[in-house]
Amino acid sequence: MVENPLLPGRKPTINDVADAAGVSRATASRALSDYGRVSKSTVDHVRAIANQIGYRSNDIARSMRAGKSNTLGLVVIADFTNVFFDRATKGIVDTARSHGFEVLISNTDENLSVEREAVATLLQKQVDGLIVVAATASVHDHLDPKSIQFKPLVLIDRTVPGVNATTITTDDFTSCEESVRSAFKLGHRKMAFLVATPNVTTVQSVKPILQNSAIEDRVNGFQSALVDSNIKNAQWAFSPDVPELADSAIENFLDSKNAPTIIFTSNNDMALAALRVFGKRGLKIGSDISLVTVDDSQWLEAISPGITVVERPVDELARLAVEKLIEQINQPGAKPEKIVLPTRLISRGSIANLKANK
């Protein structure tokens, strides 16, 4: 605690500032909070006195008076080792700061109850709006207008039917579909798919109910291309984001009677599992086995050969999330938007050309 040199043992108050500056409490409050009609000379004088006696303003109380805190609440589902959410978080923080906003961040690890608590906590801290990556599309009462105190809300990465908010997602379906078709053109007929699935506890081959739209879009894109290519013997593994289980799923693919020539993974964590197993077995990517994953990162391009990826525009998504939220803060009642950003397949050297090898 900073002590008031005029009143030792007690934290300086706004009344102390007013008394020391020789102004009313209301004038001191306006001078320190930058609102109302106060001359520049009075503002400078009051602030100098506040610094002299060690007064620190109550940001939450000030934001309640002003009706704005210049902070945004970000509820992220994944830990920050996930490449996509790491970059998205940095992009959101950087963009917000460029607009004069700070960001309070909560991490929920796909846990709905933690998400509820995170939203409630951020609202208590008087954030001006929320950016949320929802853990599930099936339960969302905590995101309805009354529950979030009618604060502006932007949903990113996933859609949540029933929530009337601006959503910013990526077109994962199209590029995942394209990735399978590209492999098919290069002669691949034996394919396997490893999908990170938060709502399962063990690896399973049967598609579960998928609780978020991003994973659903990727799986549907893969499946659509399989149907178009008339491939009926593809292998599937839906795995928790647990390294040992993901590794085991890759091992099972490779040890099966119908071992794949190419494996598709739904995110970088699953791609790492594939790379670990390939390395242990001495398999050369792009010749012995092929690999495609969703979400790009520097290490996927830097390794040799580089890994073919479905690239999502994470920086643009982050920028738009902040800008659209600020628009709603400044224009209450603005109509929600549904924004879907295009993705692209970046081909590198990780898909073998089986036709050329015949």
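Which residue lies over the face of Phe84? Arg312 does, at 3.7 Å from the ring centre. Keep in mind that this is a predicted model.

There is another arrangement of this kind to look at. Arg189 lies over the face of Phe184, and here too the distance to the ring centre is 3.7 Å.

Now the rings themselves. How many aromatic pairs does a search of the whole structure find? Six. Take Phe193 and Trp236 from that search. Their rings are stacked, 4.5 Å centre to centre, with 20° between the planes. Phe193 sits in strand E6, residues 191–196, and Trp236 sits in strand E7, residues 235–239. The two parts are 43 residues apart in sequence, so this pair ties them together.

Are these two rings on buried or exposed residues? Phe193 is buried, at 0% relative accessible area. Trp236 counts as buried as well, at 16%. The cut-off for buried is under 20%, so Trp236 falls inside it.

Phe193 has a further stacked partner, Phe264. Here the numbers are 4.8 Å centre to centre and 15° between the planes. Phe264 belongs to strand E8, residues 262–265. This pair ties strand E6 to a part 71 residues away in sequence. Phe264 is buried, with a relative accessible area of 0%.

Put that together. Ring pairs link Phe193, Trp236 and Phe264 into a cluster that also includes Phe222 and Phe238.

Next, a charged residue. Glu115 is in helix H6, residues 112–124. Glu115 is buried, yet it has no salt bridge. Why no salt bridge? The nearest side chain of opposite charge is Arg158, at 6.8 Å. A salt bridge needs a distance within 4 Å, so Arg158 does not qualify.

What does the side chain of Glu115 make a polar contact with? The side chain of His142, at 2.6 Å. Beyond its neighbours within four places in sequence, Glu115 is in contact with eight residues by name: Val75, Thr108, Val132, Val133, Ala134, Ala135, His142 and Leu143. His142 is therefore on that list as well as being the polar partner.

Last stop, Asn107. Asn107 is found in strand E2, which covers residues 102–107. Its relative accessible area is 30%, so Asn107 is partly exposed. Where is Leu74 relative to Asn107? Along the chain, the two are 33 residues apart. In space, their C-alpha atoms are separated by 8.6 Å.

How values were computed:
Residues numbered from 1 in each chain as written. Predicted model: local features only at pLDDT ≥ 70, side-chain atom pairs only at ≥ 80, totals over all residues. Heavy atoms only, no water. Helix = DSSP H or I, 4+ residues; strand = E, 2+ residues; numbered from the N terminus. Buried < 20%, exposed > 50% of the residue type's maximum accessible area, 1.4 Å probe, protein only. Phe/Tyr/Trp six-rings, centres within 6.5 Å; stacked < 30°, edge-to-face > 60°. Lys NZ or Arg CZ within 6 Å of the ring centre and 35° of its normal. Lys, Arg positive; Asp, Glu negative; His and termini not counted. Polar contact = N/O pair within 3.5 Å; in protein donor to acceptor, adjacent residues only side chain to side chain. Contact = heavy atoms within 4.5 Å.
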